[in-house]
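Q: I have a structure open and a few quick questions. Can we go through it together?
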Amino acid sequence: MNLLAELRRRFHRALDGLCDDPSEYTSMVRPAQDARFGDFQANCAMPLGKATGKNPREVAGELVDRLDVGELCESPEIAGPGFINLRLRDDWLVAETSRMLSDPRLGHHAVETPRHVVIDYSSPNVAKPMHVGHLRSTVIGDALARVFRFQGHRVTADNHVGDWGTQFGMIIQGYRNFLDPAAYSAEPVAELSRLYRLVNRVAGYHDKRAALPGNRETLEERRLALAELEEAIAGGDKSRKGDAKKLRAEVAGLAELVSSDEAEVAAVEADAELATVAAGHPDIAEASRAETARLHAGDTENRGLWEEFLPPCLEVMESVYRRLGITFDLTLGESHYQPMLAAVVESLQTQGLASDSEGAVCVFIEGNDAPFIVRKTDGAFTYATTDLATIRYRVEELDADEMLYVVDARQGEHFRLLFETARQWGYADVEFAHVSFGTVLGDDRRPFKTRSGDTVGLESLLDEAVARARGIVDENDDGKPDGPELDESTRAAVAETVGLGGIKYADLHHNRESDYQFSWDKMLATNGDSATYMQYACARILGIFRRGEINRELLRDEPPAIVLEDDAERALAMALNRFADAVDITVVERRPNVLTGYLFETANTFSTFYNTCSVLKEEDPARRLSRLALCDLSARVFETGLELLGIASCDQM
RNA sequence: GCGCCCGUAGCUCAGUUGGAUAGAGCAGCGGACUUCUAAUCCGCAGGUCGCAGGUUCGAAUCCUGCCGGGCGUGCCA
């Protein structure tokens, strides 16, 4: 049963008549913070007392009188200023746990009114190799798609890949000038990505070289100005301290820019091949832009190349998804929307939403300085236009009720403008949400930037995780009391499951809004608060069933009486019964870390149970059966929960 | 300049939208494997929730001002 929702319904009824809007108060019913206060607590009497001018403890008393939770809870207790503490009745917990045993959904009720939710995630640029920066959107989006589906919604997972951008101009440019035909026929995608990096780097080299003198000059100017300021301050003019601080920051930033640009310029010039290319192609960036423009304009040659490049690129991308167990219902890239863009702009203009400004066509949203540019001065459309066309397509063709964009927080402003434009454009009934996540930081605590040539490729990250996991699998299995249990192929499979699970979990268990410090050790950790912890709990449970030759199906078909005499037993039953709530909250908040938190807590409760309550050796047959039932449920909660996060579990480890 | 976000234990992070004595993991210290897998469990230690005010029965959470950091900011996506 979705317990929290049920309790809130009961409170809603009790509150009806005591206040104008009960739903304002029902969210104040929540799990107890401290086991001493019972299982749940309601904090609504205090604010309600304030609103009505009554004594909060009296309000609590009145509320308790009207509250009907008889078969669920012991009689509620009022504590402190007016907290209402609830403890579930053991007989109810026992009955509900039995019911859960024969329920494939583990007590979770799906929503009554499903919505069609399009979830937009991963969305890498085709032809640029995937790196760790792509992980968050992919992993969070996949988890949300799974949880929303479980919740009963209709989900369309859409990979809005970048397949139409300037990177193709660069690749075409590279293909025409620097292709290694042998490499291309052997491994087309690797060669294309080499070409992309080459062109991108050389273009960057020219940009940096061109910008350097100006930047050096500005830096010198600022340094002088700063020196003057500091002199003035030293002379007693404290009022300019703020200015000095800003200037100091600017100087530091500029100095860093100049030195990193100098380093890059020197690096390119020191490399014989790069230097030759750079010298021979001073306007490579401009040429690449021209190739992109020709592609967009429908040039048959470029279009042909694009059509040649795209399939192998998509295939390589797919292979990474396959390994990660991530699937999409749709992969509609930017190119898919190209034919619709002109009509979008036209429609916006007709409705008076978009207007000309400095030669571009823009939508201005009140309260925002930045314009939402839907057509550039040169006539090209922007990703704003594409995103609007995508919304139109998803509503008109896919019949979407809701769209979630799992995208970096840095694009927050873009989405604010996009959603507001869409609403005014005629999609006010659709729910839009930017499911934003924080920046991936490097070891130096600064934003993880993919400096060319120095990226942590996604594939190598996965390989490393699996290799490390394999080491631990071997060590653990070799050290088992009765000797090793796993054969070679099982060990390899376990290492894959544990390694990939660890990477996903490392990402999911953070609050997605916070920035995130990339760390090999934590990403690959297999102890503590990690996916391995749940996988290990599963493996131990299945070990009990194997060793005891227990028929789990029978356990479910004929649920035994549940006995909750030991504290660890009751705590475990309680935790298991919170599964439905954890799923509900994860969906409402669109935050997978709610689910990871629940799973870790429950697995911890299980581990305590495992260490204090023997199962197979329990002599009382009733308790033994009851504990077997708790084990079966625990394993299913962990398996299901991990699956909702896109993480596989292990039978043996 | 303007806008958005962040500052919680040595480190990395939670904190269910204003609730009771602020919690985990890692690292540290001390215990628990002849008993279902020790990738585990139990315990100890560790905090002026950046600072200062304010709002109220009650603030890590809300408002204001500072300090420190990140990001975005008219034609990249």
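Q: Let's start with α26. Why is α26 largely enclosed by the rest of the structure?
A: A caution before that: this is a predicted model. As for α26, 18 of its 24 residues are buried, so the helix is largely enclosed by the rest of the structure. The cut-off for buried is under 20% relative accessible area.

Q: Which residues does α26 cover, and what span does it reach?
A: Helix α26 takes in residues 621-644. From first C-alpha to last it reaches 34 Å, close to the 34 Å expected at 1.5 Å a residue.

Q: What happens at the start of α26?
A: Asp620 makes a contact there. One of its side-chain oxygens comes to within 3.1 Å of the backbone nitrogen of Ala622.

Q: And which residue follows α26 with a positive phi?
A: Gly646, with phi near 80°.

Q: Switching to the RNA. Which residues come nearest to RNA strand B?
A: Arg30, Gln33, Lys245, Lys376 and Lys522, out of 72 residues around the strand. Of the atoms of RNA strand B that come within 4 Å of the protein, sugar and phosphate account for 60%.

Q: Which side chain has a polar atom 2.3 Å from a phosphate oxygen of RNA strand B?
A: That one is Ser514.

Q: What about sugar or linking oxygens of the strand?
A: A polar side-chain atom of Tyr536 lies 2.4 Å from one such oxygen of RNA strand B. For Asn611, the distance from a polar side-chain atom to a sugar or linking oxygen is 3.1 Å.

Q: Last one. How many nonpolar, polar and charged residues does the surface near RNA strand B have?
A: The surface there has 27 nonpolar, 25 polar and 20 charged residues.

Key:
Residues numbered from 1 in each chain as written. Chains lettered and ligands numbered in written order. Predicted model: local features only at pLDDT ≥ 70, side-chain atom pairs only at ≥ 80, totals over all residues. Heavy atoms only, no water. Helix = DSSP H or I, 4+ residues; strand = E, 2+ residues; numbered from the N terminus. Expected span 1.5 Å × (residues − 1). Buried < 20%, exposed > 50% of the residue type's maximum accessible area, 1.4 Å probe, protein only. Polar contact = N/O pair within 3.5 Å; in protein donor to acceptor, adjacent residues only side chain to side chain. Near = heavy atom within 4 Å. Nonpolar A, V, L, I, M, F, W, Y, C, P; charged D, E, K, R; others polar.
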